[in-house]
Amino acid sequence: MEIALSWYLTLAAVLFAIGVAGVLLRSNLIIILMSVELMLNAVNVTLVAFSQSMGDVSGQILVFFVMSVAAAEAAIGLAIVIAIFRNKLSVDINDFNLFKW
Amino acid sequence: MPADFVPLLLMLVLATGLALTLLLAARWLGPRRANPVKVSTYESGMDPIGTARQRYSVKFYLVAMIFIIFDVEVVFLYPWAVSFQEFLAAGSGVGVLVVVTIFILVLAVGLLYDIKKGGLEFD
Amino acid sequence: MDLAGAYEGILFDVAGGFTLLLLMTAGVVCIVWDIFSNDDPVLPVLAAMTCVVAAGWEVRGLDAGSSTAFYDLIRAYGLTSYINITLLISALVSIVLSVPYLNRIRRGYGEVYALILFATAGAVMLASANSLVTVFVGLETMSIALYILVGLVRQGGGGIESALKYFLLGAFSTGFFLYGIALLYGATGTMILPDLAAGFEARGSMMLLFWAGVALFLVGFLFKVSAVPFHMWTPDVYQGAPTPLTGYMSTASKAAAFAALILVLYYGLGDLAATKWQTALAVVALVTMVGGNIFALVQNNVKRMLAYSSVAHAGYVLVALVAGTGEGYAGAAYYLLIYSFMNLGAFGVMALLEWDQKEGSEQTIDSLSGVGLRKPILGVVMTVFMFSLIGFPPFGGFFGKIAVFAPAIEAGFTWLVIVGVLASALSGYYYLRVLYVFWMRPQSWSAPQVQAHKFPVPSLSAAVLVACAVVLTVIGFVPVVRDLPMVYFDVAFTGGTP
């Protein structure tokens, strides 16, 4: 029993859209960070699905890099959140409005 | 092909239906007479002190950050370990070992930086 | 495979990726050095020497034909060397300018030099990418180092808030960029850039997947070069970041992203339905030039003004890419080199002018009144930078503008060039306004300016700025520099690969 490629792609697209919606709609920094991670992992699903269906390994290699980059990004994101929390005692994105054009 | 998944769908519908039925039945059939003792957090035993929604210390985030970095690097070691035998058989075992040693050394530098900067001191 | 052959291959790869390896190693050495001897004055010297050595190596590689190394993952020599020299100059100038800036803040910021080296390594990897994997890893290495650099030096809340905005929008755009890579991979079945077109033909009937992938991929790049619909982060981040690092961000990261875009367009997409992406890029170039210049007009803070001006300059480079010809790509590479000198210089002068512990975010046009008369060196070099940014004839910016606009006219985008010329005429207003307050306003304007007599100009920084100004004055008359990138694309037209 085999699952068609398009099902994986649809799943990934839906996950990606949920991630995008999370980034755009939520105002808590930690949840925005989680949504970004969700976007990256949706892409990972896409890459692995393509890689598997084509029998080509380079997509999976990129997935390894994406995972480590996502970890680095999460660490930087948490560091920035900690620094900004110490400064403002808030993690709500609407509280940061120092710069206006 | 989607036909293969019909039993799965049936299973989903059954499970959801059963759970919903039981929950709703309990709601309809059971008597509900609330009183202060009954709705307290521990119906029998001690009275709760303060709220459970306390903030975690920000230091946990620091530990989480460090954990994420060193945790994910293992991702690179797994494929290496799995295919090491093949590299040995192909006669390039030494080169591959050198490469992974450099990788570990770079990580070690990160750990060293972490220790020296007091990232692992929890107080 | 026999061992001798293997080691020969390794040596060739190491030579090809020498700059990358050297920058990474030096970065690690800097980090280790810094933890044992915090903020050692040797660190910036080490970092600067690394850049000089790497630049020397790349000058050696300029004449060699372009080739690939590390299993086709990166491209070496030729055009790559040209771009790498631009990146290394940018890093070198930023390091030298950072030293007095950071010493004035007086805290242990030894990591800054290591991070500049890491960011430059990422930029070099991005600019020498020959595979979608390298593009992604390079872009992220550069971006992550820059996220830290923006937020590391904290005075007040400005820097960290800039870092937050940069990080959130950057990570968000990375998601789209990566999705684009995944779709491109699905439509072509390969990650290697020169194989993309052939892979697309071979897989067939993947039109939607392919063009959706290209569009998302371009969004990621346009974000990094701050083209107009994706420029929102630029002024906020440039304003809050420490000024020498703003100069670095506006030049090195932009040059690297443009270089990778050139590699993708030239090797990856090539003639593949060129009109499609050309039209899209033309629209983006148009709104970028017009939008950047109009927003810059109304700014009162100099760093914000320069940020919007850098948006406008990204538009000029895009005009050259729209042309889609060898001359266009060569012109873009030349413009990036010139642009690096003038923008590094302008931000460098602004960094030196933060004499009263004021953050750059408060540096208004008015606070600069009479600086030119009190500090003639800064005044003169700033005059050169501003005239060059306008594109005034004897200076480098003029020749750069010719190099980006001429190919677009030849390719039939005359309307775009007319808009570009009008937009740069508009830019004269805000650049000349800076010069007006520099030279024409009375000296003693308000209390803080009185202290300005005391602020010292470090001689090394002044020397670097003067060097930038001199280069801008003479570079237009050195045809070799202008014609060099053209050679790489000419070779391609005559059959070989650049």
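Here are some numbered notes on this predicted model, going chain by chain and then to the places where chains touch.

1. Start with the overall build of chain C. Its secondary structure comes to 21 helices and two strands. Measured out along the principal axes, the box that its C-alpha atoms fill is roughly 70 × 55 × 40 Å.

2. How does the spread of chain C sit with the globule rule? For 498 residues, a compact globule would have a radius of gyration near 23 Å, and chain C comes out at 22 Å, so the two agree. Of those 498 residues, 62% count as buried. There is also a lot of contact across the sequence: if you take contacts in chain C between residues at least 6 apart, 79% of them join residues at least 24 apart.

3. Now look at chain B. You will find five helices there and zero strands, and reading along the sequence gives the pattern α-α-α-α-α. The radius of gyration of chain B is 28 Å, while the globule rule gives 14 Å for 123 residues, so chain B is more spread out than a compact globule.

4. Other numbers for chain B are worth a look too. Its C-alpha atoms fill a box of roughly 75 × 55 × 20 Å along the principal axes. Buried residues make up 1% of its 123 residues. The domain assignment splits out domain 1 (2-39) and domain 2 (59-116) of chain B, and the centres of these domains, taken over C-alpha atoms, are 48 Å apart.

5. Back in chain C, helix H2 (residues 18-36) makes a nice exercise. It has 19 residues, and at 1.5 Å a residue they should span 27 Å; the end C-alpha atoms are 27 Å apart, so expectation and model agree.

6. Which residues of H2(C) are buried? They are C:Thr19, C:Leu20, C:Leu23, C:Met24, C:Ala26, C:Gly27, C:Cys30, C:Ile31 and C:Asp34. Because they cover an arc of only 165° around the axis, they sit on the same side of H2(C). Among what covers these buried residues are helix H3 (42-61), helix H4 (79-105) and helix H5 (111-127) of chain C, along with helix H5 (93-116) of chain B. Try turning the helix on screen to find that side.

7. One residue to click on is C:Ala54, which lies in helix H3 of chain C. It counts as buried because it has 27 C-beta neighbours inside 10 Å, and the cut-off is 20 or more. Leaving out residues up to four places away in sequence, C:Ala54 touches C:Thr19, C:Leu22, C:Leu23 and C:Leu88. C:Thr19 and C:Leu23 also appear among the buried residues of H2(C). As for C:Leu88, it is 34 residues from C:Ala54 along the chain, yet their C-alpha atoms are separated by 7.5 Å.

8. Next, a pair of backbone angles to check. Most residues other than glycine have a negative phi. C:Asp72, though, has a positive phi, near 65°. You can find C:Asp72 in the loop between strand E1 (67-69) and strand E2 (74-76) of chain C. It has 15 C-beta neighbours inside 10 Å, so it counts as partly exposed.

9. C:Tyr77 also has a positive phi, of about 65°, although it is not a glycine. Its place is in the loop between E2 and H4 of chain C. Is C:Tyr77 buried or exposed? It counts as buried, because 24 C-beta neighbours lie inside 10 Å.

10. On to where the chains meet. Between chain C and chain A, 30 residues of chain C are in contact with 33 residues of chain A. On the chain C side, the elements that give two or more residues are helix H6 (132-152), helix H7 (158-188) and helix H10 (233-240). H7(C) gives the most, with 15 residues. Sorted by class, this side of chain C has 19 nonpolar, eight polar and three charged residues.

11. Finally, the contact between chain C and chain B takes four residues from chain C and six residues from chain B. What classes are found on the side of chain C that touches chain B? That side has four nonpolar, no polar and no charged residues.

Conventions
Residues are numbered from 1 along each chain as its sequence is written. Chains are lettered from A and ligands numbered from 1 in the order in which they are written. This is a predicted model: local features need pLDDT of at least 70, side-chain atom pairs count only at pLDDT 80 or more; totals for chains, interfaces and linings use all residues. Domain bounds come from an automatic or database domain assignment. Two residues are in contact if their C-beta atoms, placed from the backbone, lie within 7 Å. Ala, Val, Leu, Ile, Met, Phe, Trp, Tyr, Cys and Pro count as nonpolar, Asp, Glu, Lys and Arg as charged, and the others, Gly among them, as polar. Helices (H or I, at least four residues) and strands (E, at least two) are DSSP runs, numbered from the N terminus. The expected span of a helix is 1.5 Å times one less than its number of residues. A residue is buried if 20 or more other C-beta atoms lie within 10 Å of its own, exposed if 12 or fewer, and partly exposed in between; C-beta atoms are placed from the backbone. The arc is that of the directions from the helix axis to the C-beta atoms. The radius of gyration is taken over C-alpha atoms; the globule rule is 2.2 Å times the number of residues to the power 0.38.
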